[in-house]
Amino acid sequence: MSNHVYKLLELTGSSTVSIEDAVAGAIAKAHETLRNIQWFKVTETRGHVKDGKVAHWQVSLKVGFTLE
């Protein structure tokens, strides 16, 4: 097994559906321009409340990818 060097990138995804959808959307968008994404870590979760209900999710995450 070879040693890897990772780069971290901080992203924030948002969704009206769920936390998971916000994370998946952020990773999918990053995948359009980044190669070798290996892992992610959620660092913060926020939301917007409207009329007593969750209206919007916003999730910050760190994404790790290997450098070539």
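# Reading strands, loops and core in a predicted model

Biologist: In which strand does K53 lie, and does K53 count as buried or exposed?
Modeller: K53 lies in strand β3, and I should say at the outset that this is a predicted model. The cut-off for exposed is over 50% relative accessible area. K53 has 60% relative accessibility, and therefore K53, the residue of strand β3, counts as exposed.

Biologist: How far apart in space are K53 and Q38, C-alpha to C-alpha?
Modeller: In sequence, K53 and Q38 are separated by 15 residues. In space, the C-alpha to C-alpha separation of K53 and Q38 is 34 Å.

Biologist: In what order do the elements of the protein run from the N terminus on?
Modeller: The protein holds 1 helix and 3 strands. Strand β1 takes in residues 6-15, helix α1 covers 19-31, strand β2 covers residues 37-50 and strand β3 covers 53-66. Read from the N terminus on, that order is β-α-β-β.

Biologist: What radius of gyration does the protein have, set against a compact globule of 68 residues?
Modeller: Along its principal axes, the C-alpha trace spans about 55 × 20 × 15 Å. For a compact globule of 68 residues, the radius of gyration would be near 11 Å, whereas the protein has 14 Å.

Biologist: What share of the residues of the protein counts as buried?
Modeller: The accessible surface of the protein comes to about 5,100 Å², and carbon and sulfur atoms account for 52% of that surface. A residue has to fall under 20% relative accessible area to be called buried. Of the 68 residues of the protein, the share that counts as buried is 24%.

Biologist: Which elements give two or more residues to the largest nonpolar core?
Modeller: In soluble globular proteins, nonpolar side chains tend to be buried together. Here the largest nonpolar core has 10 residues in all, among them L11, A22, A26, L34, V59 and F65. The elements that give two or more residues to this core are α1 and β3.

Biologist: Which residues does V63 touch, leaving out those up to four places away in sequence?
Modeller: V63 is one of the residues of the largest nonpolar core. With residues up to four places away in sequence not counted, V63 touches K7, L8, L9, L11, I37, W39 and F40.

Biologist: Which residues does L8 touch, with those up to four places away in sequence not counted?
Modeller: L8 is found in strand β1, and L8 is partly exposed because its relative accessible area is 45%. L8 and L61 are 53 residues apart in sequence, yet their C-alpha atoms are 10.0 Å apart in space. Not counting residues up to four places away, the residues that L8 touches are W39, V63 and G64.

Biologist: How far apart in space are V42 and V59, C-alpha to C-alpha?
Modeller: V42 lies in strand β2, and V42 counts as partly exposed because its relative accessibility is 37%. Not counting residues up to four places away in sequence, V42 touches V23, V59, S60 and L61. V42 and V59 are 17 residues apart in sequence, and their C-alpha to C-alpha separation is 7.1 Å.

Biologist: In which loop is the place of D51?
Modeller: D51 has a positive phi, near 55°, in a residue other than glycine. D51 is exposed, because its relative accessible area is 73%. The place of D51 is in the loop between β2 and β3.

Biologist: What is the phi of N36, which is not a glycine?
Modeller: The place of N36 is in the loop between α1 and β2, and N36 counts as partly exposed because its relative accessibility is 30%. The phi of N36 is positive, with a value of about 65°.

Biologist: How far apart are the mean positions of the positive and negative charges of the protein?
Modeller: Among the residues of helix α1 is K29, which counts as exposed because its relative accessibility is 55%. Lys and Arg are taken as positive, and Asp and Glu as negative. With 8 positive and 7 negative charges in the protein, the distance between their mean positions is 4 Å.

Methods:
Residues are numbered from 1 along each chain as its sequence is written. This is a predicted model: local features need pLDDT of at least 70, side-chain atom pairs count only at pLDDT 80 or more; totals for chains, interfaces and linings use all residues. Side-chain values use heavy atoms; hydrogens and water are left out. Helices (H or I, at least four residues) and strands (E, at least two) are DSSP runs, numbered from the N terminus. Buried means under 20% relative accessible area, exposed over 50%, partly exposed in between (1.4 Å probe, protein chains only). Contact means heavy atoms within 4.5 Å. The radius of gyration is taken over C-alpha atoms; the globule rule is 2.2 Å times the number of residues to the power 0.38. Accessible areas come from the Shrake-Rupley method with a 1.4 Å probe; for residues, only the protein chains shown count as cover. The place of a charge is taken as NZ of Lys, CZ of Arg, CG of Asp or CD of Glu. A nonpolar core is a set of buried Ala, Val, Leu, Ile, Met, Phe, Trp, Tyr and Cys residues joined through side-chain atoms within 4.5 Å.
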